[in-house]
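Good morning, colleagues. Please bring up the sequence and the structure, and I shall take you through a few chosen places.

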Amino acid sequence: MPREAPSAMTMLASYNPATGDIVGEVPVTPADQIQAAVDRARAAQPAWAALGLEGRAEILKRAADIFTERADAHAELMTREQGKPLKEARGEARSLGSGLAHEVDEMVEALQPDILESGGHRSTIYHDPLGVVGAITPWNFPMSMPHWMVLPSLMAGNTVVLKPSEETPLCGQAYADVLQDVLPEDVLIVTHGADEQGKALVHSDVDMIAFTGSREVGKHIMREASGTLKRVVLELGGKDPMIVLEDADLKKAAKFAAFNSFRNCGQVCVSTERIFVMDSVADDFEGALTELASALRVGDGMEESDVGPMVNAQQRDHVLAQIDAAVGAGATVLTGGEGHHDNFVTPTVLTGVTEEMDIGTVETFGPVACVTRVSSIDEAVDRANDTHFGLGAVVFGGDTEQTEAVARRLTAGMIGVNRAAGGVPGTPWVGARESGFGFHKSRDGHRQFTQTRVLTRPV
Ligand code: NAD
């Protein structure tokens with residue numbers, strides 16, 4: 001199908017959430033042209049697969065230097081388009097180049113065939129490409145989220161049609177531009193738009209949907225994909241708990257809570273959203289957390305700020321409404337508790353939060369640390385687990401054995417003891433319950449982008 005001339009295209013404008021200025025625009029892909037993009041990706045797939053693991057690895061590794069060369073420009077784009085402070089954006093942008101060779105090597109190893117022998121017969125288990133993967137990604141890590149879906153898809157020998165978030169299309173495009181510089185034509189195709197384009201991609205004849213985003217959209221995708229039993233990997237939202245035990249290093253715990261509740265303005269899937277602290281140490285913990293939160297500088301991420309804007313007015317309104325409702329229902333504001341200016345929300349610490357409040361159960365995705373005092377470890381564990389979500393969780397405590405025992409009772413997929421939830425390189429990024437379906441990273445994660453096939457013969 002001939003592509004439309006740019007002048008005839010509808011454009012998607014991308015706004016700076018800190019200033020309201022237009023950062024740039026991209027052409028919207030008409031929904032009825034998504035299948036044509038998938039057809040092009042499908043035509044390119046056999047030759048890409050035929051390069052073999054080593055051939056694909058060699059090509060993809062060439063992107064590392066380009067990511068590194070463009071890292072500063074990418075970081076500035078990220079801050080202007082999504083709002084996160086420049087220092088956080090630099091971390092995200094630099095990791096793409098610095099981590100790529102290692103990630104690719106890990107995938108090469110993970111996707112080697114396995115061989116089993118028994119009774120004079122040998123079975124070889126192959127990890128073959130699925131075909132075309134549709135990757136649909138969110139805005140909060142606007143370059144690393146596409147990377148987490150696109151790289152394992154490509155390394156497995158699939159071609160990819162990527163639809164980045166409509167909030168951060170320029171970052172999605174800039175990410176894909178780097179790979180497209182090294183990849184053969186149509187191995188990675190970018191489409192732009194919002195839910196209409198996402199739905200069209202799910203309805204197309206892609207073989208797999210690799211999705212990162214909200215639980216609600218994840219459920220919708222799973223329902224829609226069931227018609228043709230498309231493979232899905234869904235990385236969804238969370239309401240991560242943190243438990244602070246009596247013998248915890250309270251300064252360390254408060255520092256972690258401040259970092260992990262306010263990083264990226266709280267717009268992180270594994271943000272600390274619920275803090276259960278033992279009564280006996282609650283005053284000290286709340287005092288330390290409040291001091292740290294009130295010292296944070298709010299402002300445009302291009303300036304020396306610690307907390308940037310929320311991604312848009314809708315997200316800001318959602319957070320402020322949750323805070324207001326919680327205060328109306330009896331929660332106490334220790335610091336913040338209101339909007340700052342425009343899309344900015346003052347870093348907020350609430351105490352006395354309960355599960356009867358929206359903010360106690362529904363993902364906030366904003367700069368709010370919610371404290372609930374508990375009188376026993378059992379109460380902390382029961383309340384931490386009282387959620388449909390199950391992405392990350394953390395426990396802070398002094399006695400290693402006891403702290404680990406508490407951690408083992410939590411129902412999240414990734415649990416950190418005296419540290420963040422995510423594991424060391426090589427471990428899966430995995431959500432339990434309604435925080436995910438399938439997972440990625442790690443040997444088993446990389447294999448989810450493949451079709452397993454077994455060939456058996458006499459030895
Ligand atoms: P979202 O679900 O609103 O949108 C994500 C993507 O899906 C966007 O590209 C959007 O255009 C597209 N989309 C929307 N409706 C669709 C539909 N019906 N069919 C197909 N595609 C559709 O999420 P968001 O607001 O962009 O991101 C924030 C959410 O992502 C939070 O819930 C956060 O916790 C989650 N998240 C999870 C992880 C993880 O690793 N588990 C990582 C980052 C973000």
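A residue counts as buried under 20% relative accessible area, as exposed over 50%, and as partly exposed in between. Please bear in mind as well that this is a predicted model.

With those cut-offs, let us begin at His121. His121 has 40% relative accessibility, and therefore counts as partly exposed. This histidine belongs to strand S4, which covers residues 121-129. In sequence His121 and Pro458 are 337 residues apart, yet their C-alpha atoms are 4.1 Å apart in space.

Next, helix H1. This helix runs over residues 34-50, 17 residues in number. From first C-alpha to last, H1 reaches 25 Å, close to the 24 Å expected at 1.5 Å a residue. There is nonetheless a bend of about 35° at Ala44, and Pro46 follows within four residues. Which residues of H1 are buried? They are Ile34, Ala36, Ala37, Val38, Ala41, Ala44, Gln45 and Trp48. Ala44 is thus both the site of the bend and one of the buried residues. Just after the helix, Gly52 takes a positive phi of about 75°.

I turn now to the ligand. There are 29 residues around the ligand, and those that come nearest are Glu166, Ser214, Leu236, Glu363 and Trp429. Two of these names return when we look at individual atoms. In the side chain of Glu166, an N or O atom is 2.6 Å from an oxygen atom of the ligand. For Ser214, a polar side-chain atom lies 2.6 Å from a ligand oxygen. Thr137 takes part through its backbone: an N or O atom there lies 2.8 Å from an oxygen atom of the ligand. How much of the ligand's area does the protein bury? The ligand taken alone exposes 850 Å², and the protein buries 91% of that. The elements giving two or more residues to the surrounding shell are helix H7 (195-203), strand S8 (208-212) and helix H8 (215-225). Sorted by class, the shell holds 14 nonpolar, nine polar and six charged residues.

Let us move to Glu273, in strand S11, residues 272-278. Is this residue buried or exposed? Glu273 counts as buried because its relative accessibility is 3%. What does its side chain contact? One partner is the side chain of Lys239, in a polar contact of 2.8 Å. The Glu273 side chain also reaches the backbone nitrogen of Phe365, at 2.9 Å.

Phe365 leads to my last topic, the backbone angle phi. Most residues other than glycine have a negative phi. Phe365, although not a glycine, has a positive phi of about 60°. Its place is the loop between helix H12 (358-361) and strand S14 (368-374). Phe365 has a relative accessible area of 14%, so it is buried.

Asp186 is another such case, with a positive phi near 70° in a residue other than glycine. Asp186 sits in the loop between helix H6 (169-182) and strand S7 (188-190). With 18% relative accessibility, Asp186 therefore counts as buried.

To close, may I ask you to look once more at Glu273, whose side chain reaches both the side chain of Lys239 and the backbone nitrogen of Phe365. Thank you for your attention.

Notes: Residues are numbered from 1 along each chain as its sequence is written. This is a predicted model: local features need pLDDT of at least 70, side-chain atom pairs count only at pLDDT 80 or more; totals for chains, interfaces and linings use all residues. Side-chain values use heavy atoms; hydrogens and water are left out. The expected span of a helix is 1.5 Å times one less than its number of residues. The bend at a residue is the angle between axes fitted to the seven residues ending there and the seven starting there. Buried means under 20% relative accessible area, exposed over 50%, partly exposed in between (1.4 Å probe, protein chains only). A residue is near a molecule or strand if one of its heavy atoms lies within 4 Å of it. A polar contact is a pair of N or O atoms within 3.5 Å; within protein, one must be able to donate a hydrogen and the other to accept it, and residues adjacent in sequence count only if both atoms are side-chain atoms. Accessible areas come from the Shrake-Rupley method with a 1.4 Å probe; for residues, only the protein chains shown count as cover. Ala, Val, Leu, Ile, Met, Phe, Trp, Tyr, Cys and Pro count as nonpolar, Asp, Glu, Lys and Arg as charged, and the others, Gly among them, as polar.
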